[in-house]
Amino acid sequence: MSQTTLKKYKKGEIVFRTHDEGDCAYIIDSGRVQIFTENFGVEVAVSTLGPGEIFGEMAILDHSTRSASARALEDLQVSIVSRTQFQQRMDIADPIVRLLVSILLKRMRDNLGVDKHQISEKHQLDAQESHSKVIDKIKFEAELFEALMDQSFLLYFQPIVCAETFKAMGFEALIRWQSESRGMVRPDLFMGVAEETSLIVPIGKWVFEKACESLRSFQNFLASKSNATRQDIFLAVNISGKQFSDINFFHMLETIPQKYGIKESHLKLEITEKILLEGNIFFYWIEKCRSMGFPVSLDDFGTGYSMLSYLSDFNVDTIKIDQSFVRKLEQEPKARIIVQAIISIAKGLNVEVVAEGVETEKQAIILRELGCNYLQGYFFGRPVPYQETLTYLEKNL
Ligand code: C2E
Ligand code: CA
Ligand code: CA
């Protein structure tokens with residue numbers, strides 16, 4: 001980390017001239033500075049700056065040479081800020097903030113009449129490329145926001161079956177975005193952006209409400225069938241870490257199921273193992289959900305880094321073994337040993353086990369033999385929209 005250093009200039013002394021290399025900026029501690037340009041030998045004053053003000057910052061932001069000159073109007077003391085110091089801060093800034101800074105910078109340079117050739121060509125190209133990426137991202141965010149307003153999201157449902165009977169005991173609710181320009185967009189492509197922005201909060205709320213509404217009608221449907229073997233199917237809903245920090249989150253958990261007459265025990269909250277890496281506050285939130293009556297599932301189990309320690313630190317009701325293990329089950333004996341160990345630990349801790357991504361009958365049989373409680377995957381059914389879910393239920397009463 002580079003240090004800020006002090007430097008003194010005598011009255012009338014030049015701090016830098018137009019076209020000098022610019023590798024630092026200056027904060028004025030005492031004295032005044034005149035910024036000026038020179039056209040055909042004629043000096044034109046641009047501004048006068050005093051204590052607390054900064055100058056020479058433009059060159060260190062876009063790697064160009066100085067676009068004006070600076071002269072001490074009085075005896076001057078400045079603190080010098082190196083390019084690395086600035087760069088480190090810019091690197092961690094939000095991409096949109098970086099874009100705004102560079103747009104402002106360009107406008108200022110245009111106003112000063114700076115020739116673009118002073119900025120290295122490579123730097124210009126890099127900047128253009130990252131601009132277009134950031135602009136794409138801003139557009140994507142705007143579209144996502146519109147999707148929320150236009151209600152272009154859909155909830156799909158994928159069966160979760162009993163490992164013994166292969167009968168659906170519940171479903172996982174999975175979001176889809178039906179975009180006019182992009183077609184049906186899968187959540188991996190937009191939930192990340194929704195999470196980076198605060199859009200995940202209203203989207204998550206929409207999912208939760210839609211899930212309760214759908215579960216109500218699935219249960220009504222089963223109740224209307226005299227030959228149905230069960231009425232108490234559950235719905236698993238994915239919750240992103242960011243939703244917990246929304247002040248209305250727990251209020252939502254309290255009120256929406258009530259509105260649809262849904263028992264908390266029929267709504268499983270799925271939380272990915274990865275969010276636990278973000279801090280202990282999640283342990284508290286998970287316990288709060290459980291104390292309200294919601295079963296909590298640890299999703300993508302085995303993809304985090306210290307999965308076993310999580311199980312000793314707090315209580316969950318279910319773990320979902322990640323698809324990556326299931327996929328290897330038939331070929332790799334090691335995968336079977338790991339899955340077996342996970343299941344035996346879970347059993348010992350009274351935690352139910354769901355295996356995800358079951359695509360073949362053979363995988364299903366192995367998982368049943370190993371003692372999995374529930375199975376989920378294309379072998380039993382892909383995620384489908386509401387109507388098809390009713391059809392599935394009808395066939396699997
Ligand atoms: P996830 O929670 O792990 O969901 C399981 C994903 O695996 C789903 O992808 C599902 O379609 C897919 N899948 C299920 N069975 C199989 C199979 O047999 N083979 C293969 N190859 N894939 C299978 P999907 O629907 O694209 O969702 C991706 C991820 O997006 C989800 O992973 C979840 O993390 C997130 N997501 C989806 N809906 C929501 C939501 O409403 N809220 C939040 N916060 N995240 C969501
Ligand atoms: Ca999930
Ligand atoms: Ca998963």
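Which residues does S297 touch, not counting residues up to four places away in sequence? Have a look at the model while you think about that one, and keep in mind that the whole thing is predicted.

Okay, here's what I get. S297 touches K268, L269 and E270, then I271, and on top of those T318 and K320. The residue sits in strand β14. With a relative accessible area of 2%, S297 is buried. I start there since strand β14 will come back when we get to the metals.

Let me step back to the overall layout. The domain assignment splits the protein chain into domain 1, residues 5-126, and domain 2, residues 151-395. Their C-alpha centres are 54 Å apart.

Now the packing. In soluble globular proteins, nonpolar side chains tend to be buried together. Here the largest nonpolar core has 86 residues. If you want its best-connected members, go to F153, I203, F208, F244, I319 and L375, the ones with the most contacts inside that core. Helix α6, residues 200-223, gives the largest share of this core, with 11 residues. There's also a second, separate core of 16 residues, and C24, L49, A70 and A72 are among its members.

Take I319 as a case. Skipping the neighbours within four places in sequence, I319 is in contact with L298, F301 and L311, with I342 and A346, and with the run V351, E352, V353 and V354.

Back to helix α6 for a second, as that's where you'll find C212. C212 counts as buried because its relative accessibility is 0%. Beyond four places in sequence, its contacts are I256, P257, Y260, I262 and L267. And K259 is 47 residues away from C212 along the chain, yet their C-alpha atoms are separated by 8.7 Å.

Another one to click on is A147, in helix α4, which covers residues 121-149. At 2% relative accessibility, A147 is buried too. Leaving out residues up to four places away, A147 touches S152, F153 and W177. F153, you'll remember, is one of the residues with the most contacts in the largest core. The C-alpha atoms of A147 and Q178 are 8.2 Å apart, with their positions 31 residues apart in the chain.

Right, metals. Which protein donors does the calcium ion, ligand 2, have? They are E172 through OE, N238 through OD1, E270 through OE and D299 through OD, at 2.1 to 2.3 Å from the ion. Along the chain the spacing reads E-x65-N-x31-E-x28-D. Within that set, E270 comes from strand β13, residues 267-272, and D299 from strand β14, residues 296-301, so to speak a link across 29 residues of chain. Both E270 and D299 are buried.

The other calcium ion is ligand 3. Its protein donors are D299 and D300, each through OD, plus E356, which is listed twice through OE, with distances of 2.2 to 2.6 Å. The spacing this time is D-D-x55-E. D300 is in strand β14, while E356 is in the loop between β16 (352-355) and α13 (361-370), 56 residues away. D300 and E356 are both buried.

And how far apart are the two calcium ions? The answer is 4.2 Å, with D299 coordinating both of them.

On to ligand 1. There are 22 residues around it, and the nearest are R176, R186, Q323, E359 and Y378. For Q323, a polar side-chain atom lies 2.7 Å from an oxygen atom of ligand 1. For R186 the corresponding distance is 2.9 Å. Then E172 has a side-chain N or O atom 3.2 Å from an oxygen atom of ligand 1. E172 is also a donor to the calcium ion, ligand 2.

Last stop, backbone oddities. H19 has a positive phi near 80° without being a glycine. That's in the loop between β2 (14-16) and β3 (24-30). H19 is exposed, at 52% relative accessible area. F166 is another non-glycine with positive phi, near 60°, and its loop runs between β9 (153-162) and β10 (168-179). Is F166 buried, exposed or partly exposed? With 22% relative accessibility, F166 counts as partly exposed.

That's my tour, thanks.

Terms used
Residues are numbered from 1 along each chain as its sequence is written. Chains are lettered from A and ligands numbered from 1 in the order in which they are written. This is a predicted model: local features need pLDDT of at least 70, side-chain atom pairs count only at pLDDT 80 or more; totals for chains, interfaces and linings use all residues. Side-chain values use heavy atoms; hydrogens and water are left out. Domain bounds come from an automatic or database domain assignment. A nonpolar core is a set of buried Ala, Val, Leu, Ile, Met, Phe, Trp, Tyr and Cys residues joined through side-chain atoms within 4.5 Å. Buried means under 20% relative accessible area, exposed over 50%, partly exposed in between (1.4 Å probe, protein chains only). Helices (H or I, at least four residues) and strands (E, at least two) are DSSP runs, numbered from the N terminus. Contact means heavy atoms within 4.5 Å. Donors are N, O and S atoms within 2.8 Å of the metal (3.2 Å for Na, K and Ca); water is not among the atoms, so sites may look incomplete. A residue is near a molecule or strand if one of its heavy atoms lies within 4 Å of it. A polar contact is a pair of N or O atoms within 3.5 Å; within protein, one must be able to donate a hydrogen and the other to accept it, and residues adjacent in sequence count only if both atoms are side-chain atoms.
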